[in-house]
Amino acid sequence: MTDKAISPLRQRLIEDMAIRRLGPRTQHDYIRHVKRFADFLGRSADKATAEDVHRYQLWLASIGTTVPTVNVSATALRFFFRVTLRRHDLAEEVVSTREPRRLPIVLSPEEVARLLASATNIKHQALLSLAYATGLRASEVVSLKLTDIDRNRMVIRVEQGKGKKDRYVILSPYLLELLRDWWRVARKKGWMSPGQPWLFPSYRGKHTTSRQLHRIVRLAAGRAGITKRVGVHTLRHSFATHLLEQKTDIRIIQVLLEAETYCPPTPHRGADLLPVPPSLRRECAHSPSIRLP
């Protein structure tokens, strides 16, 4: 697709995504997949036919495209056809693929202890401990602010997590003390400058990235001698599994994680928005399943 052909079309696509408040990463993925479709056609994507959509999906399957990539491409093309082009007939031609369900990789408490002990400095230890002890996603961990730590209520506020939702997660006394140690070290080294909002600051006023956190986890797993394929999400799965093994109510785990993955559907969906009771926060904060070594 040439710049001359795509420029007005891409601008309209960007405007449509901005109106609907799609995130930067989502916008980037949508543009990339629409461009890939146009490159396959050899002409502007607004000239596509139902047969072109069929041929493109067949081509994706023939080159061994993974199921998640196929589904992201399908979502992007549906948005492009339905919203930008107003071509609902083409949107109906796009097919998604069912993803195979696989059991997540879970670390044992002993493996988690080895992983955390393998952190090379206080920042890495705080990052890894926070990811495990709260079950937060990588993007949620690195984007935490100093004001999100509520030591009076012993909770951490997660602003605009996945699905643009706010929620609270447990803050254990052990984790609070570790975060205090990290803050003291960072302030002494000049990283916590006045007006700097991030709990884990990086260069040029930004916070540590999700990619850096993933790298920290993999390096720590290697030093700990863990042969499993470990990532930040592994700590999230381990957090939920260890709570479940401690007989924590599965509804509470779902509230903490803001996810349906860890419990079956229930008739009272409104309960998802309820805060975790203070008594339960205190009990879970001292639970052996999330006690940090």
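## Two odd backbone angles and a small-print cavity

In this model, M154 sits in the loop between β1 (149-150) and β2 (155-158). Keep in mind that the model is predicted. Below we look at M154, then at R86, and then at an enclosed space inside the protein.

**Backbone angles**

- Most residues other than glycine have a negative phi.
- M154 goes the other way: its phi is positive, about 60°, although it is not a glycine.
- R86 is another residue other than glycine with a positive phi, in this case near 60°.
- You'll find R86 in the loop between α4 (67-84) and α5 (88-91).

**Buried or exposed?**

- R86 has a relative accessibility of 57%, so it counts as exposed, the cut-off being over 50%.
- M154 has a relative accessible area of 23%, which means it is partly exposed, because that value falls between the 20% and 50% cut-offs.

**The second largest cavity**

- The count of cavities of 30 Å³ or more comes to two.
- The second largest cavity has a volume of about 30 Å³.
- Two elements each give two or more residues to the lining of this cavity: α3 (50-62) and α4.
- The largest share of that lining comes from α4, with four residues.
- Want to spot the lining in the structure? Look for Y56, Q57, L60, V70, S73, A74, L77, V94 and V95.
- Sorted by type, the lining residues of the second largest cavity are seven nonpolar, two polar and no charged.

Conventions: Residues are numbered from 1 along each chain as its sequence is written. This is a predicted model: local features need pLDDT of at least 70, side-chain atom pairs count only at pLDDT 80 or more; totals for chains, interfaces and linings use all residues. Side-chain values use heavy atoms; hydrogens and water are left out. Buried means under 20% relative accessible area, exposed over 50%, partly exposed in between (1.4 Å probe, protein chains only). On a 1 Å grid over the protein atoms alone, a cavity is a set of points where a 1.4 Å probe fits but cannot get out, and a pocket is an open set with protein on both sides within 12 Å along at least five of seven lines; lining residues have an atom within 4 Å of a point. Grid points are joined across faces, edges and corners, and a volume is the space filled by probe spheres set on the points. Ala, Val, Leu, Ile, Met, Phe, Trp, Tyr, Cys and Pro count as nonpolar, Asp, Glu, Lys and Arg as charged, and the others, Gly among them, as polar.
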